[in-house]
Amino acid sequence: MFRPKVPTMPHPTGPVAPPAVVEPTTITPGTPAPPPAPGTAVPPRPAVRLTPGTALALVGGGTAVVLVVGAVLVSMLLAVALTATSVAVCAVVIRSVLTRR
């Protein structure tokens, strides 16, 4: 009853096709590719220039990101603190109830 039963491999039912014969292929040398034609050189990308407006936008965007991330982290810390406080209050109440008995 408690011995595992190992299943047997099922045998194929119906006609079984014989294995296909693979014939070797010959490799014929092809014509070599022509050398690449000299093309025009791509000009280098221009350097990024920061105008006072774009610098101000970057500073404002960075400040906004820092404030949002800070607000999220502070709210998570507050949630953890409130949870810990409520667990501590529950522990004190349960302890006082058990000691009165």
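How much area does the chain expose, and what share of it do carbon and sulfur atoms supply? The chain exposes about 10600 Å², with 73% of that supplied by carbon and sulfur atoms; accessible areas come from the Shrake-Rupley method with a 1.4 Å probe, and for residues only the protein chains shown count as cover.

This is a predicted model, in which local features need pLDDT of at least 70 and side-chain atom pairs count only at pLDDT 80 or more, while totals for chains, interfaces and linings use all residues. Residues are numbered from 1 along each chain as its sequence is written, and side-chain values use heavy atoms, leaving out hydrogens and water.

**View 1. The whole chain, with one helix and zero strands.** Helices (H or I, at least four residues) and strands (E, at least two) are DSSP runs, numbered from the N terminus. The C-alpha trace spans about 95 × 85 × 15 Å along its principal axes. Its radius of gyration is 38 Å, whereas a compact globule of 101 residues would have one near 13 Å; the radius is taken over C-alpha atoms, and the globule rule is 2.2 Å times the number of residues to the power 0.38. Of the 101 residues, 0% count as buried (buried means under 20% relative accessible area, exposed over 50%, partly exposed in between, with a 1.4 Å probe and protein chains only).

**View 2. A nonpolar patch on the surface.** Here you can meet Val65, Val68, Val69, Val72, Leu73 and Met76, which together have about 560 Å² of accessible area. Patches are made of residues with over 30% relative accessible area and no salt bridge, joining like charges within 9 Å and nonpolar side chains (Val, Leu, Ile, Met, Phe, Trp, Tyr) within 5 Å. A salt bridge is a side-chain nitrogen of Lys or Arg within 4 Å of a carboxyl oxygen of Asp or Glu. Val68 sits in helix α1, residues 52-100, and is exposed because its relative accessible area is 54%.

**View 3. Ile27, in the segment before α1.** Ile27 counts as exposed because its relative accessibility is 82%. From Ile27 to Leu67 there are 40 residues in sequence and 67 Å in space, C-alpha to C-alpha.

**View 4. Cys90, in helix α1.** Cys90 is partly exposed because its relative accessible area is 45%. Cys90 and Pro29 lie 84 Å apart, C-alpha to C-alpha, and 61 residues apart in sequence.
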